[in-house]
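Here are some short exercises to help you find your way around. Have a go at each one before you read the solution.

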Amino acid sequence: MRKEWNAVEILRHSRHDWLNKIQLIKGNMALGRYDRVNEIIEEIILESKNEAKLSNLKAPNLASFLMLFNWEDRTLSLEIEVIGDEQDLSLYDDEITSWCRNFLNYVNQAVKPVAENHLILSIQLDEGEVRFIFDFNGIIEDKQEILNFLENELISPTIKILDYEVHNDEMIVTVQILTASEKR
Amino acid sequence: MRKEWNAVEILRHSRHDWLNKIQLIKGNMALGRYDRVNEIIEEIILESKNEAKLSNLKAPNLASFLMLFNWEDRTLSLEIEVIGDEQDLSLYDDEITSWCRNFLNYVNQAVKPVAENHLILSIQLDEGEVRFIFDFNGIIEDKQEILNFLENELISPTIKILDYEVHNDEMIVTVQILTASEKR
Amino acid sequence: MSRKKLLIVDDQYGIRILLNEVFQKEGYETYQASNGVQALEIVEQNRPDLVLLDMKIPGMDGIEILKRLKEFDQSIEVFIMTAYGELDMIQQAKDLGARTHFAKPFDIDEIREAVKAQVPLEA
Amino acid sequence: MSRKKLLIVDDQYGIRILLNEVFQKEGYETYQASNGVQALEIVEQNRPDLVLLDMKIPGMDGIEILKRLKEFDQSIEVFIMTAYGELDMIQQAKDLGARTHFAKPFDIDEIREAVKAQVPLEA
Ligand SMILES: [Mg+2]
Ligand SMILES: [Mg+2]
């Protein structure tokens, strides 16, 4: 079930998130916690850098799917980090996006809805090697559902599941994107 | 010439604008200008309230046109304020949007490209009366172009130009939106 | 005499610790919850006098939390925290018995004074 | 002896006065421009030693300003200010002779030290 986003809605959600950050700055200013304000500013910059990097991978479907994820009605929150030098992933955009969408839908359905479920996706760009590492913390109610997905989804020309570990309160899945240079 | 906006681009521009605001906060924090930081925060909140109000008028075309305006390749910058209680403008969205788009295109073409051209659009919502007041400061090179537009565009079931004054460095145009209650 | 109890419900960690610090300093006994289930558990176990409730929380949303909390004990006061301009939600929350609302980003002084006026600390 | 001259080009008023204050305090003679035309006028009339140039300016963009400024006098040093991640633009600007770049939001201390290293104030 995919939501159609228009500009007004995107800007409304974005404004909401930014005003939450401004709330933190404003509140700590009022308490005279200037060091904390500076920390918050650095956190904001870091988060923005990750989003800017994600947006520069020339994979617009992936970027918008991931950046809009937290604004859909979800039972888990997603955090993104992008490590390494930017690469052009345009050739793999559709396939990676649909794999991620699929996988995250499974996770979304397998977790305990009212728990604090948090997923960090670390996109690691090394020379000629791209990895997506999904690091989950929270409560998984239906481990088997996720395991079934991971075991049956192994075959793809672009995506290779390198490693996974699924527990009830933790999960880590490492996926490799087989870019042209790696397929050689 | 209308640009098609996708989510990644909207978020990129929005992030850019927010990071400019964060730059102001960060810079003034570094100088120990805490009063100025608080002022900046209040300015940010005011601007966000205006955008939130604009987004609540149930006129998504108008709202997105106005909020994306500054991100297109323009020779004038637009500032929005929305005064009064929110109303439902959904019936008039298309017509108002196309009038505004038309008018602002004329203004955009009539101003001196390299001057600092600034337009404040004040949307005033009174009980049963909606007015759009365009207040321009900058340099208009082709006054006649704008005058022609205003003189020939008077007839519309929804939009009535109440008043205008066009000078080379200043312009003010007041437009009334004839909502159902006013047409009676 | 027992202290007045205040429950802070917000999914954002930074907001929780900020409000917690403010009201602990004032002399309230404070509790924190980051989601609806936690919030309702604390309500049942500790019966707070006032709840500061963020309306945008993943999982169970603010309206739902408010409903259940008022079902458990109608006399618990609730202040809601919303984004600016969420008029429908504010009206809905007031119909369910929320006392007042603060639009984020709110002023710490204002919320402090409002809480103290609603739930005075006995000397 | 004449003071070193610094031109600040940014369409945002707040940034201009911030940088202006920082570098005036350091002892530079500062000039401000909010757009390309103003910037080029000041360059021609006052021949600054260093220009701090915002790359996103309505009207004439940063690359165009940089080009014309370097055409007028190749020896003027330019530091550009960009949004984070505008790698193509940074490369293009460096090819045109820009010395270094700062991603907004930058650190005041860093930009101050970089300016002082590039254009030392004679004692
Ligand atoms: Mg929230
Ligand atoms: Mg700029």
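**Starting at a metal site**

C:Asp11 is partly exposed, with a relative accessible area of 34% (partly exposed is the range between buried, under 20% relative accessible area, and exposed, over 50%, with a 1.4 Å probe and protein chains only).

A word on the ground rules: this is a predicted model, where local features need pLDDT of at least 70, side-chain atom pairs count only at pLDDT 80 or more, and totals for chains, interfaces and linings use all residues. Residues are numbered from 1 along each chain as its sequence is written, chains are lettered from A and ligands numbered from 1 in the order in which they are written, and side-chain values use heavy atoms, with hydrogens and water left out.

**Exercise 1.** Find the protein donors of the magnesium ion (ligand 1), and work out which parts of chain C they tie together.

*Solution.*
- Step 1: Look around the ion for donors (N, O and S atoms within 2.8 Å of the metal, or 3.2 Å for Na, K and Ca; water is not among the atoms, so sites may look incomplete).
- Step 2: You should land on C:Asp11 (OD), C:Asp54 (OD) and C:Lys56 (O), at 2.2 to 2.3 Å from the ion.
- Step 3: Now place two of them. C:Asp11 sits in the loop between strand 1 (5-9) and helix 1 (13-26) of chain C, and C:Lys56 in the loop between strand 3 (50-54) and helix 3 (62-72), so this pair ties together parts that are 45 residues apart in sequence. (Helices, H or I with at least four residues, and strands, E with at least two, are DSSP runs numbered from the N terminus.)
- Step 4: Check the surface. C:Lys56 is partly exposed, at 33% relative accessibility.

**Exercise 2.** Turn to the magnesium ion (ligand 2): which spacing do its donors follow along the chain?

*Solution.*
- Step 1: List the protein donors: D:Asp11 (OD), D:Asp54 (OD) and D:Lys56 (O), lying 2.2 to 2.3 Å from the ion.
- Step 2: Read off the spacing, D-x42-D-x1-K.
- Step 3: Place the two aspartates. D:Asp11 is in the loop between strand 1 (5-9) and helix 1 (13-26) of chain D, while D:Asp54 is in strand 3 (residues 50-54), so they link parts 43 residues apart in sequence.
- Step 4: Compare their cover. D:Asp11 is partly exposed at 34% relative accessible area, whereas D:Asp54 is buried at 3%.

**Exercise 3.** Describe the fold and overall size of chain C.

*Solution.*
- Step 1: Count the elements: 5 helices and 5 strands.
- Step 2: Follow them from the N terminus, and you get β-α-β-α-β-α-β-α-β-α.
- Step 3: Test the size. A compact globule of 123 residues would have a radius of gyration near 14 Å, and chain C agrees with its 13 Å (taken over C-alpha atoms; the rule is 2.2 Å times the number of residues to the power 0.38).
- Step 4: Add the box, roughly 40 × 30 × 25 Å along the principal axes for the C-alpha atoms.
- Step 5: Finish with burial: 52% of the 123 residues are buried.

**Exercise 4.** Which chains share the most contacts, and how far apart are the nearest C-alpha atoms of chain C and chain D?

*Solution.*
- Step 1: Use contact to mean heavy atoms within 4.5 Å.
- Step 2: Of the 5 pairs of chains in contact, chains A and B share the most.
- Step 3: Chains C and D do not touch, and their nearest C-alpha atoms are 22 Å apart.
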